[in-house]
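Biologist: Could you take me through one part of this model up close? I'd like to hear about the pockets, and what lines them.

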Amino acid sequence: MYDQDFWNERYASDEFLYGTEPNTFLVEQAHLLQEPVLSLSEGEGRNAVFMASRGLRVLGVDCSAVGLEKAHALAQTHGVAIETEVADLAEDRPPENRFGTVVSIFAHLPSSIRGRLYPLIERSLVVGGMLLLEAYSERQLERSTGGPRDIDMLMTIDKLQSEFPNLSKVLAREIEREVLEGTGHTGKAVVVQYIARRER
Ligand SMILES: C[S@@+](CC[C@H](N)C(=O)[O-])C[C@H]1O[C@@H](n2cnc3c(N)ncnc32)[C@H](O)[C@@H]1O
């Protein structure tokens, strides 16, 4: 349902669906970011551009070529460079021991994809590297302010802990907060925020 065609269509207008401002959890935790950064499901580039503006090297991966074209346009407007790769995370193989940070902002994926990808994400971090993730909670299913209408793609802290067993938890919380990001994320929502480190 939420495939490449779906996302290319959603991103087809000139408007930035999730706005051009970075995600506020990412901004709040920006002091933790270490390069190079891998940004999963980067979309239209708002977060990659924010990180590049802080002087970080960023690779944004997304299945939508339309989204990533807009990401480059946004980067140009801000006078920064970002790297991008059009790839389906169901098949992508991030290199081992490469990234200082993996960022996953509203990068909702079905468990069938996460089950293959997340062990690769753990190994793609350098020792000392961090995962920084925000996603809509399973409790968001009953709300209409954003997020997939599929409980399997929504997160809980328990799911994150069991799907990243080799990372050490730094922060794990489920909170209700106002998420105002373009016309895609439109109000009070329940989110999970998760930060974990590769220790060895
Ligand atoms: C809710 S948007 C979030 C975009 C961006 N992270 C942000 O916060 O602005 C979800 C993104 O996931 C991407 N996506 C969905 N399934 C994917 C897959 N299998 N492989 C790569 N990207 C995928 C979509 O193209 C879309 O850009």
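Modeller: Sure. A residue counts as lining a pocket if it has an atom within 4 Å of one of the pocket's grid points. Keep in mind that this is a predicted model.

Let's start with the second largest pocket, which holds about 190 Å³ of space. Its lining is made up of Pro 119, Glu 122, Arg 123, Asn 166, Leu 167, Ser 168, Arg 198, Glu 199 and Arg 200. Helix 5, residues 111–124, gives the most to that lining, with three residues. Sorted by class, the lining of the second largest pocket comes out as five charged, two polar and two nonpolar residues.

Now for the largest pocket, with a volume of about 910 Å³. Here 43 residues form the lining, and Tyr 2, Trp 7, Ser 41, Phe 106 and His 108 are the ones nearest the centre. In the lining of the largest pocket, 22 residues are nonpolar, 12 are polar and nine are charged.

As for where that lining comes from, helix 1 (4–10), strand 1 (37–40), helix 3 and strand 4 (99–105) each put in at least two residues. Helix 1 gives the most to the largest pocket, with four residues.

Helix 3 (46–53) turns up elsewhere too: it is part of what covers the buried residues of helix 4, along with strand 2 (58–62) and strand 3 (83–86).

Note on methods:
Residues numbered from 1 in each chain as written. Predicted model: local features only at pLDDT ≥ 70, side-chain atom pairs only at ≥ 80, totals over all residues. Heavy atoms only, no water. Contact = heavy atoms within 4.5 Å. 1 Å grid on protein atoms, 1.4 Å probe; cavity = no way out; pocket = protein on both sides within 12 Å on 5 of 7 lines; lining within 4 Å. Points joined across faces, edges and corners; volume = space filled by probe spheres on them. Nonpolar A, V, L, I, M, F, W, Y, C, P; charged D, E, K, R; others polar.
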